[in-house]
Amino acid sequence: MEPHPITGMYNGKFGIWLFLASEVMLFGALFSTYVLLRVGAEPGTWPRGDSILNVPLATFNTIVLITSSVTMVMSWASVKMHDFAKGRLYLTLTFLLAATFLVVKYFEYKAKLTHHQVELVQPVTLHGHDVLKITGHLGEQTDEFVMIAPDPPPEPDEHSSEPTRSSHGGHPEEMRIERSNITRVTDFGPRHSTFLAIYFTLTGLHGLHIVGGMVVILYFMITGASAWQTMPEKYTNRIECTGLYWHFVDLVWIFLFPVLYLL
Amino acid sequence: MSEHGHGPQGRHGHDHHGDEPGFWQKYVFSVDHKVIGIQYTITSLLFLFFGFCLMMIMRWQLAYPNSVVPVIGKYLGGAMASGGVLVGDGYNALGAMHGTIMVFLGIVPLGVGGFGNFVLPLQIGAPDMAFPRLNMASYWVYFLGGVVMLGSFFAPGGAAASGWTSYTPLAVTALSGQTWWLFGMVLLITSSLLGSVNFIVTTVQLRARGLSFFRLPFFVWAQFVTAFLLLLAFPPLEAAGVLQLMDRLAGTSFFMPSGLVVSGVPQTQYSGGGSPLLWQHLFWFLAHPEVYVLILPAMGIVAEVIANNTRKPLWGYKSLVYSVVFLGFMSFVVWAHHMFMTGMGTALSTFFQATTMIISVPSVIILTCLIISLYRASIRYTVPMLFALAFLPMFAIGGLTGLPLGLTASDIHLHDTYYVIGHFHYVVAPGTIFGLFAGIYYWFPKVTGRKMSDLLGKIHFWPSFIFINGIFFPMFFSGMAGVLRRQFDQTEQIHGAAAHGLTVMSSWSAWLLAVAQIPFIFNFFWSIWKGRKVTDNPWEATTLEWSAPSPPPHGNFATVPVVYCGPYEYSVPGQKTDFCPQHVALEA
């Protein structure tokens with residue numbers, strides 16, 4: 001695979017850069033969607049990321065992913081310098097870090113999907129106020145009523161905690177809400193609000209890209225030994241192309257994290 | 001398949017096959033660009049035919065509203081017709097699927113997947129595409145997307161019926177056929193993306209020695225720019241398709257505004273807060289570059305055919321190249337001229353009006369260069385040339401009628417009328433499709449080693465030319481009279497009833513156009529086996545594909561070509577013949 005005199009790249013590398021250009025357009029469209037939805041939202045309805053999402057967990061995930069980019073480039077550098085064993089070790093580390101990212105993601109998503117919001121026709125009294133929305137965890141549900149254990153009220157100081165972590169006391173008693181008084185019951189999944197819709201879509205699509213990358217990395221982990229025997233240079237170039245893709249996926253997260261979680 | 005050897009300039013060396021590939025690997029799951037090109041061509045021609053049939057049913061309803069559709073009326077399913085008479089939803093489904101199928105399953109796969117795949121590697125002297133297996137994957141993903149699209153006709157409630165534009169919130173609340181449409185689109189977009197990477201890498205990295213960029217045939221330039229449009233413009237629609245799927249399946253509100261009421265029922269299951277305009281922006285961001293994807297391959301073909309049949313170089317080759325590249329860039333900044341009537345402010349509409357006016361300049365330059373190429377030429381009126389010549393005034397009409405649409409003031413009156421339908425069909429139907437016909441007649445000898453019948457070709461051309469104008473020219477007048485698009489019964493309104501004669505004329509022209517295709521269909525298949533055998537270069541052309549055998553073997557060229565001159569060295573003074581192939585050095 002000779003580099004071309006004009007581009008200085010072999011075919012596969014040029015191809016992957018073009019593919020990444022299209023990926024920029026793909027995620028760009030979704031970021032544009034975020035902007036349009038946020039700008040068009042009723043004032044006060046768009047939540048701050050850190051009031052709904054788990055920032056410490058996502059920060060940990062950011063560090064995990066950046067580290068995986070480092071191990072990915074170390075893998076390519078090792079095989080480029082003809083050290084296959086080290087290359088495969090770093091490839092394995094990359095895979096494990098990616099898996100860690102996804103596991104953390106699983107817990108993030110699970111917390112959202114098991115947390116619910118009930119929207120009411122007539123207000124009910126909760127924590128001393130009349131409210132039209134109750135958030136909390138669902139209990140028994142029948143055709144006539146829904147039982148919900150409401151979240152504790154937010155802390156008086158403005159660093160709002162994750163609603164799912166009720167650290168003080170046990171959770172309050174379950175409330176019974178008649179179905180006739182309910183407009184909508186929703187989890188904190190994508191249907192909850194446009195913010196969570198774009199959150200799940202952006203992070204979900206990003207997560208699928210991580211899975212795709214993991215599949216490719218796993219393939220090279222498994223077939224690496226025999227590929228190294230028959231076509232070491234081609235194998236090295238394939239690791240390089242995988243690395244380019246992986247860095248892109250990491251770069252997307254570096255934009256995602258502040259936009260969704262911190263702004 | 002064993003690995004390729006090293007070759008100069010990043011090209012693959014000749015493949016070494018251990019055993020002869022079996023039937024499936026040779027003809028079905030082939031990685032040879034020529035087989036894949038033929039697969040794309042046959043599949044897309046079938047889809048074009050099917051899309052045409054859908055339109056013919058629509059035209060019955062338009063000409064003879066609320067009467068039983070002859071011949072097939074009784075076979076139309078319950079979602080589409082009642083007692084053989086089309087119902088409104090059925091008409092909408094036909095309209096949405098006609099547009100979708102023609103654009104995404106017909107024209108683009110033929111122009112890019114068919115012609116691009118077969119001709120481009122040959123014209124640059126390459127043995128195949130840069131990524132042959134990716135090429136095969138592109139075709140099969142397209143095929144699968146087509147199956148899904150056709151499958152939507154069998155969904156409960158019938159096929160997608162929200163226009164090829166799938167505007168929300170209608171499309172979000174529509175029946176399940178729309179979900180099939182969205183999945184089909186995701187597959188088709190993926191196919192295009194994979195293909196576009198292939199085309200760009202191939203064009204840049206696999207050119208033969210001596211083939212610099214400014215020696216490339218204009219067809220290659222057109223495909224090259226088209227590939228960039230597909231690469232960069234399609235992803236936003238893929239994203240939008242995913243978002244609409246989420247609105248439909250996951251209950252999100254990307255496109256669902258707050259307080260929406262459908263048929264008297266408040267849609268409280270949605271959170272609201274979404275924007276129907278968001279869909280329009282994401283859709284048109286692709287769909288405008290998409291229309292250049294529709295026209296550019298045809299322009300490339302017409303350029304080749306004109307150069308060959310005028311026996312002189314194209315006039316203004318450099319202008320053509322700079323124009324097509326500039327056109328590509330500009331196509332990304334005009335999209336909201338499809339949205340002038342959405343309530344946008346004058347600053348924004350002025351911007352898009354300006355860019356739309358600017359983009360007409362390179363199109364006019366291209367057309368002018370092609371027309372000037374005819375001046376003092378020795379024109380050979382071959383069948384490809386007839387279609388290529390017809391392309392010129394047809395594209396001119398299409399382009400000129402776009403101007404009142406791009407100017408916001410006149411667009412107020414013409415938006416969503418039949419004027420728009422007339423405009424865009426002129427560019428795509430007598431425009432692009434005629435260009436594609438020219439290409440079929442022109443390259444048929446290279447693909448098969450035989451020529452199509454000239455007599456049948458002329459019998460195909462003349463009625464087609466007459467009747468296609470008969471369909472679309474009246475639409476400008478209908479549109480100016482105020483007749484609206486996507487209207488199942490125009491006669492319900494006074495002006496629609498008054499203009500009904502034009503509608504009937506369009507409908508009869510459409511059915512007669514169908515009859516005019518019969519000589520072509522017969523000619524195409526008959527000539528594959530019984531056409532007159534010809535030499536490798538029956539048109540006496542200069543570009544590299546004609547130096548390969550007809551049909552070219554796997555690997556294309558017996559010896560790797562080297563290029564010595566530009567692509568259109570016709571009638572060079574002092575040479576013995578009136579054409580000098582690119583791979584032959586001009587005698588001193």
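Covering the buried residues of α3(A), among other parts, are α4 (84–113) and α6 (232–262) of chain A. The residues of α3(A) that are buried are Ala58(A), Asn61(A), Leu65(A), Ser68(A), Ser69(A), Met72(A), Ser75(A), Trp76(A), Ser78(A) and Val79(A). As a reminder, an α-helix has 3.6 residues a turn, so residues three or four places apart point the same way.

I should state at once that this is a predicted model. For chain A, the mean pLDDT is 91, and 93% of the residues reach 70 or more. One stretch of chain A calls for caution: over residues 164–170 pLDDT stays under 50, and the model has 6 contacts for that stretch beyond four places in sequence.

To return to the helix, does the length of α3(A) agree or disagree with expectation? Helix α3 of chain A covers residues 55–80, which is 26 residues, and at 1.5 Å a residue these should span 38 Å. The end C-alpha atoms are 37 Å apart, and this agrees with the expected span. After α3(A) comes His82(A), which has a positive phi, near 65 degrees.

Let me now turn to chain B. This chain has 18 helices and 6 strands. Its radius of gyration is 24 Å, and the globule rule gives 25 Å for 588 residues; the two are close, so chain B is as compact as a globular protein of that length. The C-alpha trace of chain B spans about 80 × 50 × 50 Å along its principal axes. Of the 588 residues in chain B, 55% count as buried. Taking the contacts in chain B with a separation of 6 or more, 77% are between residues 24 or more positions apart.

Which residues have the most contacts inside the largest nonpolar core? That core has 221 residues, and the ones in question are Ile200(B), Val302(B), Leu314(B), Phe387(B) and Ala438(B). The element that gives the most to this core is α7(B), with 21 residues. As for Phe387(B), its contacts, leaving aside neighbours within four places in sequence, are Phe434(B), Phe437(B), Ala438(B), Tyr441(B) and Phe461(B).

Finally, the interface. Here 36 residues of chain B are in contact with 34 residues of chain A. On the side of chain B that touches chain A, α6 (177–205), α7 (218–249) and α8 (276–310) of chain B each supply at least two residues. The most comes from α7(B), with 10 residues. By class, this side of chain B has 21 nonpolar, 13 polar and 2 charged residues. Thus α7(B) gives the most both to the largest nonpolar core and to the side of chain B that touches chain A.

Methods. Residues are numbered from 1 along each chain as its sequence is written. Chains are lettered from A and ligands numbered from 1 in the order in which they are written. This is a predicted model: local features need pLDDT of at least 70, side-chain atom pairs count only at pLDDT 80 or more; totals for chains, interfaces and linings use all residues. Two residues are in contact if their C-beta atoms, placed from the backbone, lie within 7 Å. Helices (H or I, at least four residues) and strands (E, at least two) are DSSP runs, numbered from the N terminus. Ala, Val, Leu, Ile, Met, Phe, Trp, Tyr, Cys and Pro count as nonpolar, Asp, Glu, Lys and Arg as charged, and the others, Gly among them, as polar. pLDDT is the predictor's confidence in each residue, from 0 to 100. The expected span of a helix is 1.5 Å times one less than its number of residues. A residue is buried if 20 or more other C-beta atoms lie within 10 Å of its own, exposed if 12 or fewer, and partly exposed in between; C-beta atoms are placed from the backbone. The radius of gyration is taken over C-alpha atoms; the globule rule is 2.2 Å times the number of residues to the power 0.38. A nonpolar core is a set of buried Ala, Val, Leu, Ile, Met, Phe, Trp, Tyr and Cys residues joined through C-beta atoms within 7 Å.
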